There are 2 protein chains.
Amino acid sequence: MASLRKTDRRTEDEAHIEAPDLEEFIGYNLKRAYVIVQADFRRALGEDGFAPRVFSALSLVVQYPNVTQSGLARMLGIERSGLVAIVDELEGRGLIKRTNVPGDRRVQALVPTAKGKTSYVEARAVVRAHEDRLLSNLSTEEKATLLTLLGKIRSHED
Amino acid sequence: MASLRKTDRRTEDEAHIEAPDLEEFIGYNLKRAYVIVQADFRRALGEDGFAPRVFSALSLVVQYPNVTQSGLARMLGIERSGLVAIVDELEGRGLIKRTNVPGDRRVQALVPTAKGKTSYVEARAVVRAHEDRLLSNLSTEEKATLLTLLGKIRSHED
DNA sequence: GGAAATTGTTTACTAACTTAACGATATGAT
DNA sequence: ATCATATCGTTAAGTTAGTAAACAATTTCC
């Protein structure tokens, strides 16, 4: 039978106790998992490496040259005002440039520079290595399953 | 054969184009999925409802009464300085209280009030309903699989 | 041609942290 | 016993990653 003491302190062994209620929530587990992956990403890319969102933006500019900032913001799921600093950083590093689009003087198409393209390919290799290492306790199939399940959640985007 | 034009603009159809490189990364998908779940959590709990981290803290205090702030911070994976505002909010709402621990005057054990316990049970029901609704396109088995896979990532905690 | 929408940008704000320091207290080594 | 060390909760200041609102310039829609 369990103890009946009203003043059960239970402060011993905190580190080993599970937290049943929280552990059942997908949201809580997503957050905790993301914190780990993101921290390892930053460690892998180093002090002057890309932050995750900057890497993502560069990836899209390399893959979709001439994307507009509005289009890029939409793809990343953030406000276009929030994209300005990211584009500033990438342009400041000489990895992309803002170019005029003939026919619409409001928009500035984003194109990767040669340096931007090679930097991206290098960074992508580092990111792949980071995920391979960090997630080496997941099989290839498990990783594919995880992507599928996360994709089902992401189906609620927009 | 694909187009050979060097100046291929490709700005049309942005909304429908996939982003192959990014989509293969677990970290990117985790982030995008978490943003959706977290936003729906906040919508479900409403204007004056708990923020996710406050809900998590209350959950742990209810389940582990007399936990210390340091212990709680460790469980949540954040610095104890960051917990002060969370505990302030919960105490300010009359849901938990800081109590003296005889034998160690440095620590303040956290205990839920009666109101805190009932508020938690109610909030937990709302959170469960939010996840059930949002994740209704995942089967029970898929949700269990997802928790297992996220748990494998979380095995890197500490 | 005039109203409405869109683009990139700035400014101001917020949330959710971190790091470093602090005084108070407790613990451990000798 | 005392001195060094560690721990507790807290504050203060800084960082990161955003959002919301407004703006001029430009384009699109009747």
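A polar contact is taken here as a pair of N or O atoms within 3.5 Å, where within protein one atom must be able to donate a hydrogen and the other to accept it. In this predicted model, the rule finds 30 residue pairs in polar contact across the interface of chain A and chain B, both residues of a pair being at pLDDT 80 or more.

**The protein interface**

Helix 2 (26-45) is among the elements of chain A that give two or more residues to the side touching chain B, as are helix 3 (52-63), helix 6 (114-134) and helix 7 (140-154). Helix 2 of chain A gives the most to that side, with 11 residues. By class, the side of chain A that touches chain B holds 30 nonpolar, 14 polar and 19 charged residues. In terms of contact, 63 residues of chain A meet 63 residues of chain B, and the two chains bury about 6300 Å² between them, with 62% of that area on carbon and sulfur atoms. The rule also finds 10 salt bridges across the interface of chain A and chain B; one of them joins B:R128 to A:E24, with the closest N and O atoms 2.6 Å apart.

**The sheet of chain A**

In chain A, 3 strands form an open sheet in the order 1-3-2, with antiparallel pairing. Strand 1 and strand 2 of chain A stand at the edges and have a single partner strand each, so one side of each is left without a neighbour in the sheet. Strand 1 (residues 67-68) is joined to strand 3 (residues 104-112) by 2 bridges, and A:V67 has A:L110 as its bridge partner in strand 3. Strand 2 (residues 96-101) pairs with strand 3 over 6 bridges; here A:T99 stands opposite A:A109, while A:V101 has A:D104 as its bridge partner. Strand 2 and strand 3 of chain A form a hairpin with 2 residues between them, and A:G103 in the turn has a positive phi of about 105 degrees.

**The DNA strands**

DNA strand C is surrounded by 22 residues, the closest being A:Q69, A:S70, A:R80, B:R42 and B:R105. Of the atoms of DNA strand C within 4 Å of the protein, 66% belong to sugar or phosphate, and the rest to bases. DNA strand D is likewise surrounded by 22 residues, and the closest are A:R42, A:R105, B:Q69, B:S70 and B:R98. For DNA strand D, sugar and phosphate account for 69% of the atoms that come within 4 Å of the protein.

Individual contacts to the two DNA strands are set out below.

| Protein atom | DNA atom | Distance |
|---|---|---|
| A:R106, polar side-chain atom | strand C, base oxygen | 2.8 Å |
| A:Q108, backbone N or O atom | strand C, phosphate oxygen | 3.3 Å |
| B:R42, polar side-chain atom | strand C, phosphate oxygen | 2.6 Å |
| A:S81, side-chain N or O atom | strand D, base nitrogen | 3.2 Å |
| B:Q69, polar side-chain atom | strand D, phosphate oxygen | 2.8 Å |
| B:R80, side-chain N or O atom | strand D, base nitrogen | 3.0 Å |

The elements that give two or more residues to the surface near DNA strand D are helix 5 and strand 3 of chain A, together with helix 4 (69-76), helix 5 and strand 3 of chain B. By class, the surface near DNA strand C has 3 nonpolar, 8 polar and 11 charged residues, and the surface near DNA strand D has 3 nonpolar, 8 polar and 11 charged residues.

Methods: Residues numbered from 1 in each chain as written. Chains lettered and ligands numbered in written order. Predicted model: local features only at pLDDT ≥ 70, side-chain atom pairs only at ≥ 80, totals over all residues. Heavy atoms only, no water. Pairing = 2+ DSSP bridges. Helix = DSSP H or I, 4+ residues; strand = E, 2+ residues; numbered from the N terminus. Near = heavy atom within 4 Å. Nonpolar A, V, L, I, M, F, W, Y, C, P; charged D, E, K, R; others polar. Contact = heavy atoms within 4.5 Å. Buried area = accessible area lost by both parts, 1.4 Å probe. Salt bridge = Lys/Arg side-chain N within 4 Å of Asp/Glu carboxyl O.
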